[in-house]
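This briefing accompanies a protein and its bound ligand, and is meant to be read beside the sequence and the coordinates. The overall fold, the ligand environment and a few individual positions are taken in turn.

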Amino acid sequence: MSYTSEVLERAIARSPGEPEFHQALREVIETLGGIFERRPEFVRWKILDRLVEPDRFVSFRVPWVDGAGEVQVNRGYRVQYNSAIGPYKGGIRFHPSVTGSVIKFLGFEQTFKNGLTGLPIGGGKGGADFDPKGKSDTEVLAFCQSFVNELYRHIGPDTDVPAGDIGVGAREVGYMTGQYKRLTGNMPGGVFTGKGPSYGGSLGRPQATGYGLVYLMEELLRRKGLSFEGKRVAVSGAGNVAIYSAEKVAQLGGKPVTVSDSGGYIYDADGVDIELLKRIKFERNERLTAYRDAKPSAEYKAGGMVWEIPCDVALPCATQNELPKAGAELLVKNGCKAVGEGANMPSTPEAVEVFAENGVIFAPGKAANAGGVSVSALEMTQNSMRRPWTFEEVDRSLLEIMKGIVRQITEAAETFGQPDNLVLGANAAGFLRVAEAMMGQGVV
Ligand code: NDP
């Protein structure tokens with residue numbers, strides 16, 4: 001059995017009942033064989049054996065009192081996955097599907113993603129199985145404060161800097177920042193990113209993941225003589241990443257024709273009305289049926305997959321495993337040329353195979369959605385400098401970072417003899433950056 005298979009098997013056996021973590025381990029490790037042939041010292045120093053084990057993982061009780069006076073108990077998590085290249089950095093997710101396995105998969109992916117950004121940030125991730133949907137503002141506040149009552153012991157501007165993710169936006173980051181400040185007496189400075197701009201948040205952070213995704217895809221398309229101009233783009237999700245991806249596609253001359261939430265999807269043949277969508281989702285916090293009600297020419301389909309709508313480019317921006325093999329086959333049948341993952345691990349392994357077999361340009365999440373964490377790192381820089389940057393400064397840096405990621409992943413894919421395999425390229429380039437840093441620091 002090969003070295004990578006042995007490590008994978010051992011890691012899976014040591015973490016039973018964690019399917020998402022196993023999927024993420026498999027997806028990365030199975031592509032890394034070539035590296036260990038070229039760099040036997042990584043085997044001797046057991047870099048991979050160490051990398052499959054997080055630095056630490058905390059799980060804690062989050063008790064809070066709801067609006068009816070009932071005590072509720074949720075479970076919170078933080079994984080500090082790897083700090084070889086900098087303080088742990090990664091978002092907090094509030095969603096009922098959050099488990100230890102989901103948090104470990106996200107932390108593992110984040111470690112390589114952060115490596116690809118070229119910025120000094122290690123990998124972390126956190127969250128809770130709390131469902132913010134339908135909760136009042138005071139309930140969300142109560143939950144965030146209780147969550148931070150434990151989390152604050154583990155984080156700090158030079159050790160671990162959380163941000164938002166599914167279910168955690170500027171409001172939740174603000175509440176957590178306030179509670180952290182109250183507990184520690186410290187000015188919150190750089191301890192959370194994604195803060196409001198009036199207390200240290202970076203301009204451009206809300207847009208960064210979606211804009212970064214589209215910048216990266218535009219660069220990949222350009223290298224094949226293509227662009228977003230005139231292209232039909234299927235976007236899934238209707239949250240932070242989806243909305244700003246759709247916005248940037250439209251700015252570049254493309255036509256985003258779908259968005260979805262967990263209830264169903266909108267197909268708008270005229271191109272999604274971004275301002276209407278923002279009002280519905282960001283201001284009024286409504287379901288997508290409100291879009292159809294406001295614009296009757298758009299179609300709403302309950303359930304179903306946006307991937308059944310013909311498109312040139314697909315951007316899955318909702319959640320893990322939302323693009324199965326059947327969705328990939330539909331995309332290929334309808335002539336889709338490129339897929340960029342805005343979400344983390346949205347495509348199943350079988351779907352990724354379908355894309356590879358059919359020559360679809362496929363940009364995996366750890367490269368494609370790295371724009372968010374990149375601007376989070378720029379927010380940390382601005383907090384340390386005590387000097388906020390303009391939106392244009394941030395956006396220019398984001399564009400450069402995304403182009404740098406394209407360069408790294410395509411060069412790595414070429415080095416390992418599979419120039420079109422960007423999954424290999426992203427895994428290899430991310431791994432090499434982390435592995436070199438671990439080698440330099442001895443056995444820790
Ligand atoms: P949001 O909470 O803003 O939006 C998530 C969207 O996806 C919502 O429309 C939600 O619909 C939908 N969704 C979530 N879970 C499910 C599910 N199980 N089934 C169907 N639809 C679902 O999250 P973000 O936009 O911030 O994050 C989306 C993805 O992007 C995640 O995978 C996240 O990890 C990843 N990501 C986010 C970054 C960021 O900066 N925010 C950075 C890098 C990656 P509904 O409201 O109905 O639940």
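What follows is a short account of the structure, followed by bullet points grouped by topic.

The model is predicted, and the values below are computed from it. The protein has 444 residues, and its radius of gyration of 21 Å agrees with the value near 22 Å that a compact globule of this length would have. Around the ligand there is a shell of 24 residues, and the protein covers 82% of the 880 Å² of accessible area that the ligand has on its own.

**Overall fold**

- The secondary structure comprises 18 helices and 12 strands, and the C-alpha atoms fill a box of roughly 65 × 55 × 45 Å when this is taken along the principal axes.
- Of the 444 residues in the protein, 57% are buried, while the area that the protein exposes comes to about 17700 Å², with carbon and sulfur atoms supplying 51% of it.
- Among contacts with a sequence separation of 6 or more, 72% are made by residues 24 or more positions apart.

**Ligand environment**

- The residues closest to the ligand are Asp165, Thr209, Ser262, Arg287 and Asn344, and the shell as a whole divides into 6 nonpolar, 12 polar and 6 charged residues.
- Helix 9 (205–223), helix 10 (240–251) and strand 7 (255–261) each contribute at least two residues to this shell.
- Oxygen atoms of the ligand take part in several short polar pairs: an N or O atom in the side chain of Arg287 lies 2.6 Å from a ligand oxygen, a polar side-chain atom of Thr209 lies 2.7 Å from a ligand oxygen, and a backbone N or O atom of Gly167 lies 3.0 Å from a ligand oxygen.
- The protein covers 82% of the 880 Å² of accessible area of the free ligand.

**Buried helical positions**

- Ser146 belongs to helix 7 (residues 137–151) and counts as buried because its relative accessible area of 11% is under 20%.
- The side chain of Ser146 reaches the backbone oxygen of Pro63 at 2.6 Å, and, when residues up to four places away in sequence are not counted, Ser146 touches Val62, Pro63 and Trp64.
- Val375 sits in helix 16 (residues 371–385) and is buried, with a relative accessibility of 0%.
- Beyond residues up to four places away in sequence, Val375 touches Ser202, Leu203, Gly204, Arg205, Ala208, Val394 and Leu398, and the C-alpha atoms of Val375 and Ser397, which are 22 residues apart along the chain, are separated by 8.4 Å.

**Loop positions**

- Gly303 lies in the loop between strand 9 (299–302) and strand 10 (313–316), and it is partly exposed because its relative accessible area of 33% falls between the 20% and 50% limits.
- Leaving aside neighbours within four places in sequence, Gly303 is in contact with Gly263, Gly264 and Tyr265, and its C-alpha atom is separated by 9.1 Å from that of Asp261, 42 residues apart along the chain.
- Ala68 is placed in the loop between strand 1 (56–65) and strand 2 (71–82) and is exposed, with a relative accessible area of 67%.
- Ala68 and Thr381 are 313 residues apart in sequence, and their C-alpha atoms are 42 Å apart in space.

**Backbone angles in loops**

- Most residues other than glycine have a negative phi.
- Lys46, in the loop between helix 4 (40–44) and helix 5 (47–51), has a positive phi near 50 degrees although it is a residue other than glycine, and Lys46 is partly exposed with a relative accessible area of 46%.
- Met345, which is likewise not a glycine, has a positive phi of about 55 degrees; it is located in the loop between strand 11 (338–340) and helix 14 (349–357).
- Met345 counts as buried at 7% relative accessibility, whereas Lys46 is partly exposed.

Note on methods: Residues are numbered from 1 along each chain as its sequence is written. This is a predicted model: local features need pLDDT of at least 70, side-chain atom pairs count only at pLDDT 80 or more; totals for chains, interfaces and linings use all residues. Side-chain values use heavy atoms; hydrogens and water are left out. A residue is near a molecule or strand if one of its heavy atoms lies within 4 Å of it. A polar contact is a pair of N or O atoms within 3.5 Å; within protein, one must be able to donate a hydrogen and the other to accept it, and residues adjacent in sequence count only if both atoms are side-chain atoms. Accessible areas come from the Shrake-Rupley method with a 1.4 Å probe; for residues, only the protein chains shown count as cover. Helices (H or I, at least four residues) and strands (E, at least two) are DSSP runs, numbered from the N terminus. Ala, Val, Leu, Ile, Met, Phe, Trp, Tyr, Cys and Pro count as nonpolar, Asp, Glu, Lys and Arg as charged, and the others, Gly among them, as polar. The radius of gyration is taken over C-alpha atoms; the globule rule is 2.2 Å times the number of residues to the power 0.38. Buried means under 20% relative accessible area, exposed over 50%, partly exposed in between (1.4 Å probe, protein chains only). Contact means heavy atoms within 4.5 Å.
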